[in-house]
Amino acid sequence: MKLSTDSYKGVRDFYPRDKFVHDYILNTWAHTCESVGYEPYAASILEPAELYKSKTSDEIVNEQTYTFEDRGGREVTLRPEMTPTVARMVARQQRELGFPLRWYSTPNCFRYERMQRGRLREFWQLNADLFGLSGIEADTEIIMLAHSLMKTFGATDADFEIRLNDRRVFDHIFDEADIDAGTRKSVISLLDRRTKIDNFESELAALTGDKATILLNLFNSAASNVLLEDVRESLIKRGVENVVIDTSITRGFDYYTGMIFEVFDTAPENNRSLFGGGRYDNLLEVFGVEKVSAVGFGMGDVTIKDFLETHDLLPEYVSPTDIMLCVLDESASSFADSVAQTLREQDMNVAVNYSYKKAGNQIKMADKKSIPFVACIGKQEMESNLLTVKHLSSGEQKELPVEAVADHIFTQEI
RNA sequence: GCGACCAUCGUAUAACGGUUAUUACUUCGGAUUGUGGUUCCGAAAAUUCGGGUUCGAUUCCCGGUGGCCGCCCCA
């Protein structure tokens, strides 16, 4: 029987060119976060299943996670997100860690769910969180980081839009209309779908009965809320101008306690939510520790890659190999090895092609692999100890002593 | 969980129910025995699986599997 070459459903193989793009995204995340004082952390992909059961609904744990029993009878879950993990880590060492805490991580996460555009079963997600600050300075900082990431990827302010809301706006409205906790959750879920459905008002009435009209009026007048204006002004003052207040942004369930935001692609062909986050001041409560306020966001690799493709912002592939030495006949192979050794000692990444095929063939191979430089090695080179180094994209070549090759390549003199 | 659409060489594609299953790219060999991107010649390579209708199925029907898109969901 033949084995299938397909990867497991919903996960990806990263061929070198895919890996290049993936690394670019992860490295950009890391550099940008570190440039504003965030420290990297990481954790195992395996977590005890209770971590998710305590916080989230049964449906999520039962139907949307990879959960199994280990040989010792423990229930294990492949992390579907990083937030419970980081909350656990912060809670565990709360007294040792100096607040405020600026942390980021770029974990892969698994969710067992139906796939569609921008959503697979395994994805990488930047998680950036700021713990221990409860004021709008922290809200501002985290949105500025989100904005700065987009700019580092090469996006302009016109390419995306930051939509801002605050969970407390809803809380005030619910308090005023005297809505109970269970109904609040349903109404928020309904609000999340408001722009997608056309019977919003009748659905709202089904949930809240005679309070629907009051609620509707309150929702419609929520647009000018002082909580939101403060954050927006603070952002504009700091040069983040593509921010709008949008009281239809809800961000899922009861997890958030204050400011929430979502970043949208403005391109008509990819017009959707890219990522978002917000404030969650009560998350550490389940671990029985003192309250720690927190604000953060998550950004997925698949959606950001779609965004970069849409806006033609992905970098071109560059091979990690600097030069390929094309060995022309067997008698030159040990000489080629010594040349390679010399170049490697000067920090070059060197591939040696021992196929002994014609020079043209070997050069074609180097070009196919996007290796920027080639040098043929045969009898001439053995006698002269000079290499003819060729830059493939320009077609220029130069004859150099072996010891001078690295210097020329690194200083782009060819 | 619900619904639509799709499934042919490695990739992308063509084929009124009857072909030696098309073409391009890629790969391999050669034209070209030490310098690529052009050109020319040649080769290798496919009908997702199981059933049904039919003299005959890549083509029509049913089912499985897989993909893709939308809904639900998105902690």
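**Angles, cores and exposure, explained by their definitions**

Visitor: At what angle do helix H6 and H9 pack, and how far apart are their axes?

Guide: Helix H6 (residues 167–177) and H9 pack at about 150 degrees, and their axes lie 10 Å apart. The angle is taken between N-to-C directions on a scale from 0 to 180 degrees, with axes fitted to C-alpha atoms, for helices over the stretch in contact. Helices here are DSSP runs (H or I) of at least four residues, strands are runs (E) of at least two, and both are numbered from the N terminus.

Visitor: Why is H6 called roughly antiparallel to H9?

Guide: An angle under 35 degrees counts as roughly parallel, one over 145 as roughly antiparallel, one from 65 to 115 as roughly perpendicular, and the rest as oblique. The angle of about 150 degrees therefore makes H6 roughly antiparallel to H9. Their crossing is right-handed, a term for a near helix turned clockwise from the far one by less than a right angle (anticlockwise would be left-handed).

Visitor: Which residues make the contact of H6 and H9?

Guide: Ile173, Glu176 and Ala177 of H6 meet Ile214, Leu215, Leu218 and Phe219 of H9. Contact requires C-beta atoms, placed from the backbone, within 7 Å of each other. By class, this contact has six nonpolar residues, no polar one and one charged one.

Visitor: On what kind of model do these values rest, and what pLDDT do local features need?

Guide: The model is predicted, and local features need pLDDT of at least 70, side-chain atom pairs count only at pLDDT 80 or more, and totals for chains, interfaces and linings use all residues. Residues are numbered from 1 along each chain as its sequence is written, while chains are lettered from A and ligands numbered from 1 in the order in which they are written.

Visitor: What makes H8 and H9 oblique to each other?

Guide: Helix H8 (residues 200–208) and helix H9 (residues 212–220) pack at about 125 degrees, with axes 9 Å apart. That angle belongs to none of the other classes, and H8 and H9 are therefore oblique. H8 passes H9 in a right-handed crossing. Glu201, Leu204, Ala205 and Thr208 of H8 make the contact with Ala212, Leu215 and Leu216 of H9.

Visitor: How do you know that H1 and H11 are roughly perpendicular?

Guide: Helix H1 (residues 16–35) and helix H11 (residues 301–310) pack at about 105 degrees, with axes 11 Å apart. The range for roughly perpendicular includes this angle, so the pair takes that name. Val21, His22 and Ile25 of H1 are in contact with Asp301, Ile304 and Lys305 of H11.

Visitor: How many residues has the largest nonpolar core, and which have the most contacts inside it?

Guide: The largest nonpolar core has 52 residues, and Ala128, Ile142, Ala146 and Val263 have the most contacts inside it. Helix H5 (residues 136–152) gives the most to this core, with seven residues. Such a core is a set of buried Ala, Val, Leu, Ile, Met, Phe, Trp, Tyr and Cys residues joined through C-beta atoms within 7 Å. Leaving aside neighbours within four places in sequence, Ile142 is in contact with Ala128, Leu130, Gly277, Val295, Gly296 and Phe297. Apart from the largest core lies another of 23 residues, among them Ile323, Leu328, Ile377 and Val405.

Visitor: Why is Asp312 counted as exposed?

Guide: A residue is buried with 20 or more other C-beta atoms within 10 Å of its own, exposed with 12 or fewer, and partly exposed in between. Asp312 has 7 such neighbours, and therefore counts as exposed. Asp312 lies in the loop between H11 and strand E13 (323–327), and its phi is near 55 degrees, a positive value in a residue other than glycine.

Visitor: What makes Lys357 partly exposed?

Guide: Lys357 has 15 other C-beta atoms within 10 Å, a count between the two limits, so the residue is partly exposed. Lys357 is found in the loop between strand E14 (350–353) and helix H13 (359–368).

Visitor: How do you know that Met115 is exposed?

Guide: Met115 has 11 other C-beta atoms within 10 Å, which is within the limit for exposed residues. Leaving aside neighbours within four places in sequence, Met115 is in contact with Gly10, Leu120 and Arg121. Met115 is found in the loop between strand E6 (108–110) and E7.

How values were computed: Contact = placed C-beta atoms within 7 Å. Nonpolar A, V, L, I, M, F, W, Y, C, P; charged D, E, K, R; others polar.
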